[in-house]
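Open the model in your viewer and keep the selection panel to hand. The stops below go from one selection to the next.

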Amino acid sequence: VIAIIGILAAIAIPNFRKAREQAREKACYANMRVVLGAVEMYNMDHTDMMSTLVMSKLVSGKYLKAPITPAAQSCVISGTGLDDNGLIECSNHGTIESKES
């Protein structure tokens, strides 16, 4: 019985880790989409468009309720060229566009 439990645990643990990492990756992409939407709303409302991501402007302008909580410790969301079709990217997961291709 102990051997069977050990074999099942050896199979289940890697699958559990993979599922957890996939969930974090999907949460990170969802966070990037939320930030992108907030930046687009900010840019529609202001003549001085946001070219680099400034989370405090999005929160103080009520485009986000609170700063985005990273999906993983290594996730850092940044953005450049946002006033001209720029990209939102994560230091760990890349861009939304890289996932879709």
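Is Tyr 42 buried or exposed? This is a predicted model, and in it Tyr 42 counts as buried because its relative accessibility is 6%, with the cut-off for buried set at under 20%.

Keep Tyr 42 selected and add Tyr 63. The two form an aromatic pair with an edge-to-face arrangement, 5.6 Å from centre to centre and with 75° between the planes. The count of aromatic pairs comes to one. This pair links distant parts of the chain: Tyr 42 belongs to helix α1 (residues 2–45), whereas Tyr 63 sits in the loop between α2 and β1, 21 residues apart. Tyr 63 has 16% relative accessibility and therefore counts as buried too.

Next, select the three strands. They make up an open sheet ordered β1-β2-β3, with antiparallel pairing. At the edges stand β1 and β3; each has a single partner strand, so one side of each lacks a neighbour in the sheet. Now add α1, which packs on the sheet and touches β1, β2 and β3. The direction of α1 makes about 150° with that of β2.

Zoom in on β1 and β2. Four bridges join these antiparallel strands. For one residue to pick out, take Ile 77, whose bridge partner in β2 is Cys 90.

Now select Met 32. Leaving aside residues up to four places away in sequence, Met 32 touches Ile 77, Ile 88, Glu 89, Cys 90, Gly 94, Thr 95 and Ile 96. Met 32 is also among the residues that touch the most other members of the largest nonpolar core, which has 19 residues. The others in that group are Val 35, Val 39, Met 50, Leu 53, Leu 58 and Ile 88. Both α1 and β2 (87–90) supply at least two residues of this core, and the largest share, seven residues, comes from α1.

From Met 32, move to Thr 95 in strand β3 (residues 94–95). Thr 95 is buried because its relative accessible area is 11%, against a cut-off of under 20%. Its contacts, again without residues up to four places away in sequence, are Tyr 29, Met 32, Leu 87, Ile 88 and Glu 89.

For the last stop, select Ala 72, in the loop between α2 (55–60) and β1 (77–80). Ala 72 counts as buried because its relative accessibility is 16%. How far apart are Ala 72 and Thr 95 in space, C-alpha to C-alpha? The distance is 15 Å, and in sequence Ala 72 and Thr 95 are 23 residues apart.

Notes:
Residues are numbered from 1 along each chain as its sequence is written. This is a predicted model: local features need pLDDT of at least 70, side-chain atom pairs count only at pLDDT 80 or more; totals for chains, interfaces and linings use all residues. Side-chain values use heavy atoms; hydrogens and water are left out. Buried means under 20% relative accessible area, exposed over 50%, partly exposed in between (1.4 Å probe, protein chains only). Contact means heavy atoms within 4.5 Å. Rings of Phe, Tyr and Trp (its six-membered ring) pair if their centres lie within 6.5 Å; planes under 30 degrees apart count as stacked, over 60 as edge-to-face and the rest as tilted. A nonpolar core is a set of buried Ala, Val, Leu, Ile, Met, Phe, Trp, Tyr and Cys residues joined through side-chain atoms within 4.5 Å. Two strands pair if DSSP finds at least two bridges between them. Axes are lines fitted to C-alpha atoms, for helices over the stretch in contact, and angles run from 0 to 180 degrees between N-to-C directions.
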